[in-house]
Amino acid sequence: FSKINLFAEIFQKELNLFFTENSLDMQVLKFKSISRIVFSRDKVKNRYQRDFLESKKNKEITLFSKLLFNKKIYYPSNGIIFFNFAMSYKDLHYLIKTIKTVSKKIFYEKR
């Protein structure tokens with residue numbers, strides 16, 4: 001499990017740094033190898049608060065999912081990302097790079 005936990009750690013650190021540097025209203029939360037992108041920088045205390053914060057961004061989240069799917073990445077409707085043993089470092093970096101590109105396109109360029 002150390003490999004997939006490490007992948008989740010890399011995923012969280014790289015994306016949170018990117019989101020902060022680009023003033024994007026997003027963050028990655030994780031527990032061991034399970035991650036979730038939250039479309040808000042606010043501290044999230046529970047799922048109800050998260051849902052409330054994200055409710056104003058439904059169009060953007062749907063577009064985010066669609067653009068990732070166009071790049072062969074399935075983003076589930078619940079937003080939970082599971083890392084697995086079959087994933088390589090190349091896969092991880094492709095995922096991170098693609099999320100950065102899509103996030104910036106949707107949330108940064110619309111300003």
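Val28 has Ile37 as its bridge partner in S2, and that pairing is a good place to enter this predicted model. Strand S1 (residues 27-31) and S2 run antiparallel and are joined by five bridges. The two strands make a hairpin with two residues between them, and Lys32 in that turn has a positive phi of about 55 degrees.

S2 also pairs with strand S3 (residues 80-82), again in the antiparallel sense, over three bridges. Here Ser35 stands opposite Ile81 in S3. How many of the five residues of S2 are buried? Four of them are, so S2 is largely enclosed by the rest of the structure.

**The core around Ile37**

Let's stay with Ile37 for a moment. Leaving aside residues up to four places away in sequence, Ile37 touches Phe11, Met26, Gln27, Val28, Glu54, Phe64, Tyr75, Gly79, Ile81 and Ile99. Ile37 also belongs to the largest nonpolar core, which has 28 residues; Phe11, Ile37, Phe64, Phe83 and Ile99 are the members that touch the most others. Helix H1 (2-21), helix H3 (58-70) and helix H4 (89-108) each contribute at least two residues to this core. In soluble globular proteins, nonpolar side chains tend to be buried together.

**Aromatic pairs**

Across the whole structure, a search turns up seven aromatic pairs. Two of them are set out here.

| Pair | Geometry | Centre to centre | Angle between planes |
|---|---|---|---|
| Phe7 and Tyr89 | edge-to-face | 4.7 Å | 70 degrees |
| Phe39 and Phe107 | tilted | 5.7 Å | 40 degrees |

What does the pair of Phe7 and Tyr89 tie together? Phe7 sits in helix H1 and Tyr89 in helix H4, so the pair links parts that are 82 residues apart in sequence. The two rings differ in exposure: Phe7 is buried, with a relative accessible area of 0%, whereas Tyr89 is partly exposed at 43%.

The second pair also bridges a long stretch of chain: Phe39 lies in the loop between strand S2 (34-38) and helix H2 (47-54) and Phe107 in helix H4, so parts that are 68 residues apart in sequence are tied together. Phe39 counts as buried at 1% relative accessibility, and Phe107 counts as buried at 10%. Phe39 and Phe107 join Phe64 and Tyr75 in one aromatic cluster.

**Helix H2 and its two faces**

In H2, the buried residues are Arg50, Leu53 and Glu54. They span an arc of only 90 degrees around the axis, which means they lie on the same side of H2. The buried residues of H2 pack against S2 and H3, while the face turned away from the buried side carries the exposed residues Tyr48 and Phe52. At the N-terminal end of H2, Asn46 acts as a cap, with a side-chain oxygen 3.1 Å from the backbone nitrogen of Tyr48.

**Ile4 in helix H1**

One last residue is worth a look. Ile4 is found in helix H1. Is Ile4 buried or exposed? Ile4 is buried, with a relative accessible area of 4%. Not counting residues up to four places away in sequence, Ile4 touches Ser33, Phe83, Asn84 and Phe85. The C-alpha atoms of Ile4 and Asp25 are separated by 26 Å, with the two residues 21 apart along the chain.

Conventions:
Residues are numbered from 1 along each chain as its sequence is written. This is a predicted model: local features need pLDDT of at least 70, side-chain atom pairs count only at pLDDT 80 or more; totals for chains, interfaces and linings use all residues. Side-chain values use heavy atoms; hydrogens and water are left out. A nonpolar core is a set of buried Ala, Val, Leu, Ile, Met, Phe, Trp, Tyr and Cys residues joined through side-chain atoms within 4.5 Å. Buried means under 20% relative accessible area, exposed over 50%, partly exposed in between (1.4 Å probe, protein chains only). Helices (H or I, at least four residues) and strands (E, at least two) are DSSP runs, numbered from the N terminus. Contact means heavy atoms within 4.5 Å. Rings of Phe, Tyr and Trp (its six-membered ring) pair if their centres lie within 6.5 Å; planes under 30 degrees apart count as stacked, over 60 as edge-to-face and the rest as tilted. The arc is that of the directions from the helix axis to the C-beta atoms. A polar contact is a pair of N or O atoms within 3.5 Å; within protein, one must be able to donate a hydrogen and the other to accept it, and residues adjacent in sequence count only if both atoms are side-chain atoms. Two strands pair if DSSP finds at least two bridges between them.
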